[in-house]
Amino acid sequence: MEQIQTKTMSRTRLETERDAAALASSEEWKSSTKRETLGALEQELARLVASAKEGETEGARREMSGFRNLFSRFLRAKTHIEWKAIQPLPEGAIRPYKQLPPVSESHITQMLSKLVVVKLNGGLGTSMGCKGPKSVIAVRNDLTFLDLTMQQIQQLNRTYNVDVPLVLMNSFNTDDDTQKLLKKYANVKVSVISFCQSRYPRINKETLMPIAKDMGTADMEAWYPPGHGNFYEAFANSGLLDKFLEQGKEYCFLSNIDNMGATVDLNILNFVLNSSGGQEPPEFVMEVTDKTRADVKGGTLIQYEDKLMLLEIAQVPKDYVDEFKSISKFRIFNTNNLWASLGAIRRVVSNNELDMEVIVNPKHLDRGMDVIQLETAAGAAIKNFKNSCGINVPRSRFLPVKKTSDLLLLMSNLYDIDNGSLTLSSERSFPTTPLVKLGSSFDKVKDYLARFQGIPDLIELDHLTVSGDVWFGRDVSLKGTVIIIANHGDRIDVAPGTILENKIVSGNLRILDH
Ligand SMILES: Cc1cn([C@H]2C[C@H](O)[C@@H](COP(=O)(O)OP(=O)(O)O[C@H]3O[C@H](CO)[C@@H](O)[C@H](O)[C@H]3O)O2)c(=O)[nH]c1=O
């Protein structure tokens with residue numbers, strides 16, 4: 001018996017030793033293959049830089065060096081977080097907007113003189129079936145995101161007699177079109193400055209090597225803009241960061257150009273510029289807002305490895321995606337309205353301290369090739385700044401247009417418009433916005449517009465679902481819960497002047513009480 005036990009024990013020890021050796025050698029093998037992969041990538045990147053046109057070599061070298069660093073972080077780090085290691089958010093990590101210190105009227109001009117407004121304008125309108133930059137989609141009264149943003153800043157500058165500059169971060173996909181459009185604002189009194197974010201090479205999913213063979217290739221599928229997290233580096237590289245610091249600017253307010261609620265908020269500006277209660281002002285603030293069932297995809301703020309961290313859905317292990325989407329565990333999400341100290345950006349960029357999580361975005365190219373693009377999100381920088389925190393802002397600061405259903409709300413009488421700012425109509429008796437789901441026939445802006453002869457009255461709407469071949473006449477009113485479903489092969493025309501209140505309209509135009 002004793003003998004058997006000893007034998008078992010020694011076998012176990014032997015096994016353990018063998019396992020440890022195997023693990024060590026597999027780790028060594030992995031890190032040596034990673035070293036080799038990085039080495040091979042560096043050679044490919046050197047080849048790309050060498051192919052740059054005369055006068056463009058320096059820019060190409062800087063850009064490819066940025067990509068090399070991102071790639072090496074991708075090789076080193078895990079792409080998903082360890083779910084069980086999420087810690088509870090520390091006290092004070094998220095401040096309620098209502099508790100921000102009040103602003104003194106006499107300080108407003110001085111505060112605004114330290115501000116730079118940045119809009120993330122690198123995205124295309126493709127997901128809404130539009131060509132060109134997303135910012136040229138008409139949102140209200142034929143005014144585009146860009147028009148409305150210009151109006152907002154112009155109004156701010158007029159009201160306080162200041163000159164807050166508007167900076168657009170374009171991508172190679174949107175730069176030419178945006179530059180052309182900016183000419184039409186020649187008479188608008190807003191200083192608009194744009195710069196272009198980096199252009200990084202897409203890599204083959206199998207070999208992990210760039211698919212581009214030279215910098216000047218006409219193959220546009222070979223490149224991608226590496227996410228809005230690229231802002232800090234690209235802004236510094238453009239020379240604008242130093243320029244603004246020299247002019248005495250201290251903070252930037254960064255937001256998605258498709259978020260119509262992202263206006264300059266004086267309470268937050270006051271909070272980031274002035275220390276309160278003996279505390280150092282935060283170098284970075286993320287505006288978060290309460291999550292609803294419609295916001296399942298947005299990033300959230302968590303505490304991880306003793307720091308605040310932005311958690312995006314792409315970093316969530318598969319088994320926990322439902323938990324991530326639930327509104328009971330993660331109650332808030334990132335609006336991507338971010339405030340960052342310019343001095344702190346300069347520090348983290350020049351010290352190479354920005355360590356944002358790498359998001360792997362797989363794509364399937366038309367030519368049949370699988371590639372990946374490595375991206376970062378601007379909010380992920382939160383962990384690299386001092387005294388960072390979140391502010392829980394009212395929902396009105398998050399009015400994004402991601403789909404035509406969002407456009408329907410903003411185009412309707414639910415919102416009033418004044419100098420580029422949209423606010424929920426006072427005629428609505430409750431402050432929540434309706435939940436709208438439009439079927440795939442409405443996906444493209446052109447098709448959506450064609451299906452509405454006029455935008456319906458939505459003041460009393462709670463919930464609208466439309467599916468199939470449905471067309472709306474003029475002066476339609478939708479109230480309560482309305483569901484309109486045209487079955488395959490059927491067409492429903494909602495006649496002009498119709499009022500639908502708590503109704504289900506089905507394929508053969510039967511109207512039932514709901
Ligand atoms: C990928 C990319 C995007 N953009 C612009 C386009 C949009 O105006 C803006 C946001 O991009 P989207 O792709 O719409 O948003 P997405 O990255 O999914 O999500 C961001 O915005 C969400 C809120 O809408 C947050 O909950 C997420 O945490 C935040 O990361 O950034 C760039 O300027 N450059 C880019 O490379």
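In this predicted model, a polar side-chain atom of Q197 lies 2.6 Å from a nitrogen atom of the ligand, a polar contact being a pair of N or O atoms within 3.5 Å. Two oxygen atoms are named in similar terms: a polar side-chain atom of E312 lies 2.5 Å from an oxygen atom of the ligand, and one of N256 lies 3.3 Å from an oxygen atom of the ligand. The protein covers 79% of the 710 Å² of accessible area that the ligand has on its own, by the Shrake-Rupley method with a 1.4 Å probe.

The ligand is surrounded by 21 residues, each with a heavy atom within 4 Å of it; Q197, H228, E312, N334 and K402 are the closest. Strand 15 supplies the largest share of this shell, 3 residues.

Away from the ligand, the largest nonpolar core holds 71 residues, among which L112 and F472 touch the most other members. Such a core joins buried Ala, Val, Leu, Ile, Met, Phe, Trp, Tyr and Cys residues through side-chain atoms within 4.5 Å, buried meaning under 20% relative accessible area with a 1.4 Å probe, protein chains only.

The mean pLDDT of the chain is 91, and 92% of its residues reach 70 or more; pLDDT is the predictor's confidence in each residue, from 0 to 100. The complex receives an ipTM of 0.98 and a pTM of 0.91 from the predictor.

Residues are numbered from 1 along each chain as its sequence is written, and side-chain values use heavy atoms, without hydrogens and water. Local features need pLDDT of at least 70 and side-chain atom pairs count only at pLDDT 80 or more, whereas totals for chains, interfaces and linings use all residues.

Terms used. Buried means under 20% relative accessible area, exposed over 50%, partly exposed in between (1.4 Å probe, protein chains only). A polar contact is a pair of N or O atoms within 3.5 Å; within protein, one must be able to donate a hydrogen and the other to accept it, and residues adjacent in sequence count only if both atoms are side-chain atoms. Helices (H or I, at least four residues) and strands (E, at least two) are DSSP runs, numbered from the N terminus.
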